[in-house]
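Please open the model in your viewer and keep the sequence panel beside it. The tour below moves from one selection to the next and says what is there at each stop.

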Number of protein chains: 2
Amino acid sequence: MNLVQPRLSRGLRDLLPGDTLARQAMISVVQGVFETYGFVPLTTPAVEYLDVLSGSGGQEIQESIFVVHNPEEEELGLRFDHTVPLARVVAQYKELPKPFRRYTIGPVWRADKPGPGRFREFVQFDIDSVGVQSELADTEIIAGICDSLDALGVTNYEVRFSSRRVLNLLLTYAALSPERATDVFRVIDKLEKIGIAKVRLELTTGYTDESGDKIPGLGLTGSQVDQIEQFLGIQSPSRSEAVRKLHETFDSIPGAHDEIGVLEKMSHYLDVAGYHDDRVIIDLSIARGLGYYSGPVFETILLDAPQFGSVFSGGRYDDLVMRFLGERIPATGGSMGVDRLLAALLALDKVKLRKSTADVLITCFDQKMNDDYIAMTFELRRAGIHTEMYMGTDRAGKQIKFADKLDIPIVLLYGPDEKAKNVVTIKDMSVGRTRAQQLTGSREQWLQERPGQFEVPRENLAVSIKELLSKIAG
Amino acid sequence: MNLVQPRLSRGLRDLLPGDTLARQAMISVVQGVFETYGFVPLTTPAVEYLDVLSGSGGQEIQESIFVVHNPEEEELGLRFDHTVPLARVVAQYKELPKPFRRYTIGPVWRADKPGPGRFREFVQFDIDSVGVQSELADTEIIAGICDSLDALGVTNYEVRFSSRRVLNLLLTYAALSPERATDVFRVIDKLEKIGIAKVRLELTTGYTDESGDKIPGLGLTGSQVDQIEQFLGIQSPSRSEAVRKLHETFDSIPGAHDEIGVLEKMSHYLDVAGYHDDRVIIDLSIARGLGYYSGPVFETILLDAPQFGSVFSGGRYDDLVMRFLGERIPATGGSMGVDRLLAALLALDKVKLRKSTADVLITCFDQKMNDDYIAMTFELRRAGIHTEMYMGTDRAGKQIKFADKLDIPIVLLYGPDEKAKNVVTIKDMSVGRTRAQQLTGSREQWLQERPGQFEVPRENLAVSIKELLSKIAG
């Protein structure tokens, strides 16, 4: 018999139960926040026509599309983001009421070079408002990010926002032609990562980095770079102070006050809604890589875990349906990096990895008593207690170790002795563990010593377990 | 400019917000039931190696795999079910604790010929127990299906189970060679659909159906078909009666009592757990198409919507990891047809289609008062009330119509008059609607007549809305 090797292609991975549970819990919190905001979910298929996917997302993303073949041999591919399918849906279903404020949670595929923490299939959680010109829409998405992080128990974060159109003022200010915009903004975007000295070098002559790679320069003049540095120097922990400095710096550029007014309005709306300088700031180095942003842009940094980069990013893009309908529809939105945020929450200990959904394991060590175990199992489940019945035929010790391995907090023991006395033995797994840790004894030891075990009347079983569970939780 | 036509390839579809909300709600109920049972979620990627996917699921499914290309030009495909990835995971992560009881929710892809209600990407919700030989595992899955349907408000359903090994007894009984098994069982499986007369014809000489198609016969003898009919005649609303008749019929076949004993044990366990003859029956015509079943098999019919077929089916398959490890691991499980069950629930009016997640729409008809609208919006959201703020600049009437179109039950109106009086006007959309229906007046009429409108003090806003919402719900 030819055996097939069980394996996955590079960049793909399984999420085992502990990680899936943690991810589900995290997603459900954020989903709850945006449903409180009245956003609605949209589902689109993974497979789209290649011409629908093409022309978006830049060359690098285009080359990373997983191509798919159906029996009709049509040109198909797996979606690489949720924005292109949203654009298709908005163009295809003209009857959709607008403002159309939707969220989408699901995998996207990019056949990039895989690396640590970099996968070819990853989940994105996108939130977008389509059909709204007002800065209220941008403001609301930033507010939703703050509420989401609050609800996840993250206390120390910063949403940083700016505007592509304010960056465009910089082009005029530094006498740069609009064609240089993408290159220049790409370098500016690296400010936090590489520092101002290297940004200057990359904007002018280029430099050789630590690994010996030659980073080419953009050939800007010294005075142009001075202007850019002055712009990037407009920093303040106060949004209104940053706005004031912007007005001052760009005072002589026609239309500048209107463009800066967008940041000013957002800042004001954020204050009215209760999101102040302590967690939402203006940061002029935010440019965002993707070419399609046309207004406000933002990023979100967890200040206690900055190594994970931005966990929630986005901005305004008004060319959403242009490729499909030839017309402009305003849109703004953000994308949560689900796997990145989960990794950060795990690092910050804001999410517990649970290996089981069960709070109780009913051991079944005497098969003659199966009927009792079944009755007990379903009695507890009907009382809403998450209960697993051990279905192997192993001895009790192995069944208790199974609960230990899966972090199931309560184990029930019920044999002929208990039945005669009309009681059930409850084993509180946390007690033994604590004592074992204190004594630095072996796991086998505390399992044998039967710590945390006590008997309750059979008829009080569900009530006793509920009490114990709230004691453990509280 | 070349416009791209917004469209999907055949057999693919979008699920707009109303349907996605309904599907999410349904899935979450069933997920809750199986988490109460202690099942854990598993996530695997959509893309698998073709050799991992191959050799499973029969030729028809193999030919329907969507082939995928990555830059390395490996041979990949989209998964066509969740069982093959489960088998790969069990073989690949030997450290996974067993019993491994997992659920998986996600799309699978089959490039079949699409038809009404038949899609090429569809969601399956699978529940499986791996590593359990005991019939307790099969029993538990049937119990979970009953609990799920109860929790979804379905009252009239039937889980029908049988066993492949009892069907095998029939082969001996009717003097059929084991090679005929697949063909004969395939015909028997059609009993409910085509009736006993046509089953007899298909087992013997064949016949021509209504559309003129020639259905070939299997060439069985009259006495063989008599035996089969006698077997299929073993029907009873009582499980214990069906078991008794089986023992009687197969009394002379060696080993028969053990095989029938499996159905007997399941029936007993089901009774102990509280799932009686009124909703779980033995049905000997259940064979299930897929070749890999090796023990108990089951189907689930909604008796008030039988046209949707089985909404939850499965059985035992003990060759799960054979292709990967060359060894046998017992496994049993079931698959919920998510889209099929949702269609049935909609037909039975057990699921409401909601077009919005918002319970309140705050109209914004005076832009000078934006700050008030924002403050109100976030005040309600912080009180846990699902609130949308209308972000267009349309007149109030259009904003109210937007709420009407999306079935948002409460609309708030707040202009300079209200502000001066320190009140908010609440519009209960259900009142107007009811009156309009009574009067058979036009929608425009009731919108103008301002029914269901009343004022509440600004400071009591959240409390008043909560009261109104519980009145509407109750």
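## Strand E6 of chain B and its neighbours

Select Phe125(B) to begin: its bridge partner in E13(B) is Met336(B). The model is a predicted one, in which local features need pLDDT of at least 70 and side-chain atom pairs count only at pLDDT 80 or more, whereas totals for chains, interfaces and linings use all residues. Residues are numbered from 1 along each chain as its sequence is written, chains are lettered from A and ligands numbered from 1 in the order in which they are written, and side-chain values use heavy atoms, with hydrogens and water left out.

Now extend the selection to strand E6 (residues 121-130) of chain B, where 10 of the 10 residues are buried; buried means under 20% relative accessible area, exposed over 50% and partly exposed in between, with a 1.4 Å probe and protein chains only. Strands here are DSSP runs of E with at least two residues, helices are runs of H or I with at least four, and both are numbered from the N terminus. In a regular strand the side chains alternate between the two faces of the sheet. Glu121(B), Val123(B), Phe125(B), Ile127(B) and Ser129(B) point one way from E6(B), while Phe122(B), Gln124(B), Asp126(B), Asp128(B) and Val130(B) point the other way, and all are buried.

Add strand E13 (residues 331-337) of chain B, which pairs with E6(B) in the antiparallel sense over seven bridges; two strands pair if DSSP finds at least two bridges between them. Then add strand E5 (residues 100-109) of chain B, which runs antiparallel to E6(B) and is joined to it by 10 bridges, with Thr104(B) having Asp126(B) as its bridge partner in E6(B).

## The eight-stranded sheet of chain B

Widen the view to the open sheet of eight strands, which has the order E1-E5-E6-E13-E12-E11-E7-E10 in chain B and mixed pairing. Its edge strands are E1 and strand E10 (280-282) of chain B, each of which pairs on one side only.

Within this sheet, select strand E7 (residues 157-163) and strand E11 (residues 296-302) of chain B, which are antiparallel and share seven bridges, and find Arg160(B) standing opposite Glu299(B) in E11(B). Helix H6 (residues 164-173) of chain B lies across E7 and E11 of chain B, running at about 55° to E7(B); axes are lines fitted to C-alpha atoms, for helices over the stretch in contact, and angles run from 0 to 180 degrees between N-to-C directions.

## The five-stranded sheet of chain B

Move next to the open sheet of five strands in chain B, ordered E15-E14-E16-E17-E18 with mixed pairing. The edge strands are strand E15 (387-389) and strand E18 (453-457) of chain B, each pairing on one side only, and the twist averages 25° from one strand to the next. Strand E17 (residues 423-428) of chain B runs antiparallel to E18(B), joined by five bridges, and Val424(B) stands opposite Val456(B) in E18(B). Helix H14 (residues 370-382) of chain B packs on the sheet, touching strand E14 (360-362), E15, strand E16 (410-413) and E17 of chain B, and its direction makes about 165° with that of E15(B); contact means heavy atoms within 4.5 Å.

## Aromatic rings

Which residues form one aromatic cluster with Tyr275(A)? Select Phe34(A), Tyr37(A), Phe39(A) and Phe378(B), which join Tyr275(A) in that cluster. Rings of Phe, Tyr and Trp (its six-membered ring) pair if their centres lie within 6.5 Å, with planes under 30 degrees apart counted as stacked, over 60 as edge-to-face and the rest as tilted.

By this rule the count comes to 16 aromatic pairs over all chains. Tyr103(A) and Phe125(A) form a tilted pair, 5.8 Å centre to centre with 35° between the planes. Tyr103(A) lies in strand E5 (residues 100-109) of chain A and Phe125(A) in strand E6 (residues 121-130) of chain A, so the pair ties together parts that are 22 residues apart in sequence. Both Tyr103(A) and Phe125(A) are buried.

Finish with Phe378(A) and Tyr37(B), an edge-to-face pair at 5.7 Å centre to centre with 85° between the planes. This pair crosses between chains, from Phe378(A) in helix H14 (residues 370-382) of chain A to Tyr37(B) in the loop between helix H1 (17-36) and strand E1 (40-41) of chain B, and both Phe378(A) and Tyr37(B) are buried.
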